[in-house]
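Here's a quick briefing to read alongside the coordinates. Pull up the viewer and follow along.

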Number of protein chains: 2
Amino acid sequence: MNSSLLDRLRDRGYRLTSQRRVVAEVLDGDHIHMTADEVLEGAVSRLPEISRATVYNTLRELTELGEILELNLDGRSKRYDPNVTRAHHHLVCDRCGLVFDVQFEVEVPSLGLAEKHGMSIRRSEIVHHGTCRTCTG
Amino acid sequence: MNSSLLDRLRDRGYRLTSQRRVVAEVLDGDHIHMTADEVLEGAVSRLPEISRATVYNTLRELTELGEILELNLDGRSKRYDPNVTRAHHHLVCDRCGLVFDVQFEVEVPSLGLAEKHGMSIRRSEIVHHGTCRTCTG
DNA sequence: GCACGACTTGGACTGATTCCAACTTTGTTG
DNA sequence: CAACAAAGTTGGAATCAGTCCAAGTCGTGC
C-alpha cells in the first residue's frame, strides 16, 4: 500500500525524496487520524532533519492527489486520514478531539440537481459529535 | 424568534446587554453561515464600540446553549448557523468557503451501541464537499 | 438609587498554518 | 558518470483565527 503510493507519486512526476518516503511511512495504517504535528513528530523520529514546512507541503500534495483525506473535525488542527478506499463515518469527541472510525453500511444519498446549487460534489462525509468516555468523567 | 432567543437568555440568568442583543440581531435569518469576523462586522455597524472578544464570547455562549450551531466546514474560520430546528445538510465549496443548506429528508441513521465506542453522541452532520460554479470557472 | 457580580474591553498572547528566498537534491541528458 | 535544470527542502518570519486577562462598565434586584 505504501510502496504503491510512492509508485503513484513517481508516475505523476513527483520526485521520490526521503522526506516524502518518511511521511508516507508515518501515515501508513488503518484507523489513523493524525494531526500535522503528530505526523511531524513521527517523521522527525525517522529523519531528524525533516522540517515542518515539508510535512505541511507533503500533506497538501497527498490531499490534492486524493491519497489521504483532510478532516476538519474539531476547530483545532486538521487531521489526515489515509483510509480513502473504504467509506466510513467519523465519531469525534468535541472536548478532547479523539476520533473513531465507524464502518457503517449506509451510503450518503447523492444530491439531486436542484440541491447541488450548481456545485460539483467531490465527497460527502458524515460526522457524529459527542463526548468520549474519558471526557464524560 | 429573536426576541424569544433573548427571553430564553434572560430566563437562564444571562443579562440582556446591548452587545448580546446586537449579536442576536445580526445572526437572525434562515440560511446564514457567518464567520465570527462577519458577525463582528455586522455588530460593529449597529454598535460601533462592540469588541471582538465579546462577539467570540457571545458566539460561544449561544453555541453552548444550543441556540446556534458551530460549524467547522473548511479549515479556515468557524461558521455559525442559527437554524437549529430544521435538520439539514451543508454543501461547502472547498476553494472559497461558500456554504449552501440542503433540506434533505434523509435522517442520519443512529449508531448502535458497539459503534459508539462508549461515546455519547450529541449531533450528527452531513457535509458535502465540492467546488462552486464561480470557483470552477 | 446602590451595590454586587456579571459583562465588556482592547491588547497581548497562542496555536496552526502559510509564505519565502536561499540552499539542496533528484532525475535526466550527453 | 558529471553536469544541469527544475523540483524540493529548509528555518524563520509572517499571517490568521481564536483565547486570555486585568481593569473598567453596566444590568438587575433590593
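Which residues of helix 3 (residues 36–46) of chain B are buried? They are B:A36, B:V39, B:L40, B:G42 and B:A43. Keep in mind that this is a predicted model. The bullets below pick up that helix, then move on to chain A, one arginine in it, and how the two chains pair up.

**Helix 3 of chain B**
- Look down the axis of helix 3 of chain B and its buried residues fall within an arc of 165°, so they line one face of the helix.
- Flip to the other side of helix 3 of chain B and you'll find B:E41 and B:S45, which are exposed.
- The cover over the buried residues of this helix includes four elements of chain B: helix 2 (18–27), strand 1 (34–35), helix 4 (52–64) and strand 3 (79–81).

**Chain A at a glance**
- Chain A has 5 helices and 6 strands, and along the sequence they run α-α-β-α-α-β-β-β-β-β-α.
- Taken along the principal axes, a box of roughly 45 × 45 × 25 Å holds the C-alpha atoms of chain A.
- Chain A has 137 residues, and 43% of them count as buried.
- If you take the contacts in chain A with a separation of 6 or more, 47% come from residues 24 or more positions apart.
- About 7,400 Å² of chain A is exposed, with carbon and sulfur atoms supplying 49% of that area.

**A:R79 up close**
- You'll find A:R79 in strand 3 (residues 79–81) of chain A.
- Is A:R79 buried or exposed? The cut-off for buried is under 20% relative accessible area, and A:R79 has 14% relative accessibility, so it counts as buried.
- The side chain of A:R79 gets to the backbone oxygen of A:H33, at 2.6 Å.
- Leaving out residues up to four places away in sequence, A:R79 touches A:H33, A:M34, A:T35, A:E38, A:L69, A:E70, A:L71, A:G97 and A:V99.

**How the two chains pair up**
- A turn of 179° and a shift of 0.0 Å along the axis lay chain A on chain B, with an RMSD of 0.1 Å.
- The two copies are therefore related as by a two-fold rotation axis.
- Which C-alpha of chain A is nearest the axis? That of A:I126, 2.3 Å from it.
- The copies meet through the same surface, because 100% of the interface residues of chain A are also interface residues in chain B.

Key
Residues numbered from 1 in each chain as written. Chains lettered and ligands numbered in written order. Predicted model: local features only at pLDDT ≥ 70, side-chain atom pairs only at ≥ 80, totals over all residues. Heavy atoms only, no water. Buried < 20%, exposed > 50% of the residue type's maximum accessible area, 1.4 Å probe, protein only. Polar contact = N/O pair within 3.5 Å; in protein donor to acceptor, adjacent residues only side chain to side chain. Contact = heavy atoms within 4.5 Å. Least-squares fit on C-alpha atoms with pLDDT ≥ 70 in both. Arc of directions from axis to C-beta. Areas by Shrake-Rupley, 256 points an atom, 1.4 Å probe, with all protein chains shown as cover.
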